[in-house]
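Here are some short exercises to work through with the model open beside you. Try each task before reading its solution.

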Amino acid sequence: QVQLVESGGGLVQAGGSLRLSCVASGSIFSINIMGWYRQAPGKQRDFVASITSGGSTNYADSVKGRFTISRDNAKNTVYLQMNSLKPEDTAVYFCSADVRTGPRPTWYHYWGQGTQVTVSS
């Protein structure tokens, strides 16, 4: 079994910054893509950013230039640096990871429990 645990959420004023962290633990053989998604009240879960094990990144248009995703492969950890935050960034942020749990080439997708980010105007 694999667990993803997010931290770093909170309340911040518009224009401020937060840094989210997500640590993966458990039966991990290797991790491919790690990413962040967010879900505002009454809305669907949306893609925010992703990063491959090689460091290639992808961002939603709404966060480009403001958010930066990074990872520490040795620590099985992914980060999301969020700058110039806006009230519309308010959501529960979820970490995700594509994990291989053994030598067989089978990948499983895992989610964290989410961390609340609230941006006040």
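**Exercise 1: the setting of one serine**

Beyond its neighbours within four places in sequence, serine 50 is in contact (heavy atoms within 4.5 Å) with Ile33, Met34, Gly35, Ser56, Thr57, Asn58 and Ile69. This is a predicted model: local features need pLDDT of at least 70, side-chain atom pairs count only at pLDDT 80 or more, and totals for chains, interfaces and linings use all residues. Residues are numbered from 1 along each chain as its sequence is written, and side-chain values use heavy atoms, with hydrogens and water left out.

Task: find which strand holds serine 50, and decide whether serine 50 is buried or exposed.

Solution.
- Start with the strand, a DSSP run of E with at least two residues, numbered from the N terminus. Serine 50 belongs to strand 5, which covers residues 45–51.
- Next, take the relative accessible area, which is 15% for serine 50. Buried means under 20% (1.4 Å probe, protein chains only), so serine 50 is buried.

**Exercise 2: the whole chain**

Task: work out how many helices and strands the chain has, and how its radius of gyration relates to the globule rule.

Solution.
- Count the elements: there are zero helices and eleven strands.
- Then compare the radius of gyration, taken over C-alpha atoms, with the globule rule, 2.2 Å times the number of residues to the power 0.38. The chain's value is 14 Å, close to the 14 Å that the rule gives for 121 residues, so the chain is as compact as a globular protein of that length.
- Finally, look at burial: buried residues make up 39% of the 121 residues.

Definitions and conventions
Helices (H or I, at least four residues) and strands (E, at least two) are DSSP runs, numbered from the N terminus. Buried means under 20% relative accessible area, exposed over 50%, partly exposed in between (1.4 Å probe, protein chains only).
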